[in-house]
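Work through the exercises below with the sequence and the structure at hand. Try each task before reading its solution.

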Amino acid sequence: MKYSTSVSSSRRKSRKAYFSAHSEARRKLMSANLSKELQARHGVRSMPIRKDDEVVITRGMYKTREGKVTACFRKKFVVHVERISREKVNGTSVPVGIPASSLTITKLKMDKDRKAALDRKNRNKDGSADKADDGAMSNVD
């Protein structure tokens, strides 16, 4: 079911919007999920990734590896994580680009803008009743 009539559900238009997005829009497109502890603490599911966040890789060849984000390339839609590199044929080591969607943020680099964004996005602002319900339902399978 289509929720918003003002947004197209066409694959072609979605891909065009994704690949021709400007830098500010690419920042939001390059978001990663927060770890379960961070989700519980902040009431936020995902955040745009940035340099100096600590992440764990959840998909691909480097799955379960952890490290700090050293660079975010919005132009290429990839993130470089420290100690995730490969050797070129001539012996030099180059960082491997990891898509932001393949990462889980385990520690956020906090500043006042990031804190304001977390407060704005927080889903359980008012009630601790929501947290109690989540805790009760967490072990139901």
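**Exercise 1.** In which helix is leucine 29 found? Then classify its exposure and place it in a surface patch.

*Solution.* The model used here is a predicted one.
Step 1: leucine 29 is found in helix H2, which spans residues 23–29.
Step 2: the relative accessibility of leucine 29 is 42%. Partly exposed covers the range between the buried limit of 20% and the exposed limit of 50%, so leucine 29 counts as partly exposed at 42%.
Step 3: Leu29 joins Tyr18 and Phe19 in a nonpolar surface patch of about 280 Å².

**Exercise 2.** Describe the overall make-up of the chain.

*Solution.*
Step 1: the secondary structure consists of 5 helices and 7 strands.
Step 2: read from the N terminus, the order of elements is α-α-β-α-β-β-β-β-β-β-α-α.
Step 3: the chain has 141 residues, and 30% of them count as buried.
Step 4: the accessible surface is about 10400 Å², with 50% of it belonging to carbon and sulfur atoms.
Step 5: among contacts in the chain with a separation of 6 or more, 48% come from residues 24 or more positions apart.

**Exercise 3.** Which residues gather in the patch of positive charge on the surface? Trace them to their elements.

*Solution.*
Step 1: the residues are Arg27, Lys28, Arg74, Arg120 and Lys121.
Step 2: helix H2 (23–29) and helix H4 (112–121) are the elements that give two or more residues to this patch.
Step 3: Arg74 is placed in the loop between strand E4 (66–73) and strand E5 (78–87).
Step 4: arginine 74 has a relative accessible area of 30%, which means that it is partly exposed.

**Exercise 4.** Is serine 102 buried or exposed? Do the same for glutamine 39, and list the contacts of both.

*Solution.*
Step 1: serine 102 sits in the loop between strand E6 (93–98) and strand E7 (103–107).
Step 2: a residue is buried under 20% relative accessible area. Serine 102 has 10% relative accessibility, so it counts as buried.
Step 3: with residues up to four places away in sequence left out, serine 102 touches Val56, Ile57, Thr58 and Arg59.
Step 4: glutamine 39 belongs to helix H3, residues 36–42. Its relative accessibility is 17%, so glutamine 39 counts as buried.
Step 5: neighbours within four places in sequence aside, glutamine 39 is in contact with Leu34, Val44 and Arg45.

**Exercise 5.** Threonine 64 has a positive phi in a residue other than glycine, and so does phenylalanine 77. Give the angle, the loop and the exposure of each.

*Solution.*
Step 1: phi is near 75 degrees for threonine 64 and near 60 degrees for phenylalanine 77.
Step 2: threonine 64 is in the loop between strand E3 (54–57) and E4. Phenylalanine 77 is in the loop between E4 and E5, and arginine 74 is also placed between these strands.
Step 3: exposed means over 50% relative accessible area. Threonine 64 reaches 59% relative accessibility and therefore counts as exposed.
Step 4: phenylalanine 77 has 12% relative accessibility, so it counts as buried.

How values were computed. Residues numbered from 1 in each chain as written. Predicted model: local features only at pLDDT ≥ 70, side-chain atom pairs only at ≥ 80, totals over all residues. Heavy atoms only, no water. Patch = residues over 30% accessible without salt bridge, like charges linked within 9 Å, V, L, I, M, F, W, Y side chains within 5 Å. Areas by Shrake-Rupley, 256 points an atom, 1.4 Å probe, with all protein chains shown as cover. Salt bridge = Lys/Arg side-chain N within 4 Å of Asp/Glu carboxyl O. Lys, Arg positive; Asp, Glu negative; His and termini not counted. Charge placed at Lys NZ, Arg CZ, Asp CG, Glu CD. Helix = DSSP H or I, 4+ residues; strand = E, 2+ residues; numbered from the N terminus. Buried < 20%, exposed > 50% of the residue type's maximum accessible area, 1.4 Å probe, protein only. Contact = heavy atoms within 4.5 Å.
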